[in-house]
Amino acid sequence: MTPHNIQFARLSDIPTERLTAHMSDPFVAAHMPLLTGTWTDEMTQDWVAAKEAHWATHGLGHWAFLDHGAYVGWGGFEREGEDWDFGLVLTREAVGLGRAITKRALDTARRDPRIDSVTFLLPPTRRHTGALLRLGAVQEGDVELHGERFQKFRLRLS
């Protein structure tokens, strides 16, 4: 088995069609309650522009994740009120890469003096929370975001 070679890139470096295909996968939609309707290339372009604007405003945001140069998903940090929330959306073929990608992203957060904790918002369809608990995250309860319920976990970095 070839070891993984994970790289972080900008979402704007990934072809629109590839991102649209990922966001249109029923596997992804099953765990993203805020993802509704048919995802189009125009929606992808608007979404990437919004993610790039977050980088411009906050100096941190969402990346595209690559393994040996191949796109395997996206995720990163986004401000949710006072919190820095971490999200991770992998392709179905890359699910096993979550731990390595999360570790590397959290290492980035630990070096950022603005971030003393990271939150994780999981939809109710995500019932396996052991990985977050092993990281040291603590469940804070449920929150509502855009009319949908999520389980909120927090990981203190300091």
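Here are some short exercises on a predicted model, each with a worked solution.

**Exercise 1. Find which residues of helix H1 are buried, and work out how they sit around the helix.**

Start with the span: H1 covers residues 16-24. Going through the accessibilities, you get Leu-19, Thr-20, His-22 and Met-23 as buried. Now look down the axis of H1: the buried residues fall within an arc of 160°, so they line one face of the helix. That fits the usual geometry: an α-helix has 3.6 residues a turn, so residues three or four places apart point the same way.

**Exercise 2. Work out how H1 and helix H3 are oriented, and list the residues that make the contact.**

First, fit the axes. Those of H1 and H3 (residues 41-58) come within 9 Å and cross at roughly 100°. Next, classify the angle: 65 to 115 degrees counts as roughly perpendicular, so H1 is roughly perpendicular to H3. Finally, pick out who touches: H1 brings Thr-16, Glu-17, Leu-19 and Thr-20, while H3 brings Asp-41, Thr-44, Gln-45, Trp-47 and Val-48. Two names should ring a bell, as Leu-19 and Thr-20 are also among the buried residues of H1.

**Exercise 3. Say what stands out about the phi of His-68, and where the residue is placed.**

Check the backbone first: phi of His-68 is near 55°, a positive value in a residue other than glycine. For context, most residues other than glycine have a negative phi. Then locate His-68: look in the loop between strand E2 (62-67) and strand E3 (70-80). Last, accessibility: His-68 comes out at 47%, so it counts as partly exposed.

**Exercise 4. Decide whether Thr-102 is buried or exposed, and trace its surroundings.**

Thr-102 belongs to helix H4 (residues 98-110). Its relative accessibility is 10%; since buried means under 20%, Thr-102 counts as buried. Follow the side chain next: it reaches the backbone oxygen of Gly-98 at 2.8 Å. Then skip residues up to four places away in sequence, and the ones Thr-102 touches are Phe-86, Leu-88 and Leu-135.

**Exercise 5. Describe how strand E5 is covered, and find its pairing with strand E7.**

Count first: 6 of the 6 residues in E5 (residues 117-122) are buried. Now sort them by direction. Ser-117, Thr-119 and Leu-121 point one way, Val-118, Phe-120 and Leu-122 the other, and all are buried. This is the familiar pattern, as side chains in a regular strand alternate between the two faces of the sheet. For the pairing, 6 bridges join E5 to E7 (residues 148-156), and the two run antiparallel. To pin down the register, note that Leu-121 stands opposite Lys-152 in E7.

How values were computed:
Residues numbered from 1 in each chain as written. Predicted model: local features only at pLDDT ≥ 70, side-chain atom pairs only at ≥ 80, totals over all residues. Heavy atoms only, no water. Buried < 20%, exposed > 50% of the residue type's maximum accessible area, 1.4 Å probe, protein only. Helix = DSSP H or I, 4+ residues; strand = E, 2+ residues; numbered from the N terminus. Arc of directions from axis to C-beta. Polar contact = N/O pair within 3.5 Å; in protein donor to acceptor, adjacent residues only side chain to side chain. Contact = heavy atoms within 4.5 Å. Pairing = 2+ DSSP bridges. Axes fitted to C-alpha atoms, helices over the stretch in contact; angles between N-to-C directions. Parallel < 35°, antiparallel > 145°, perpendicular 65-115°, else oblique.
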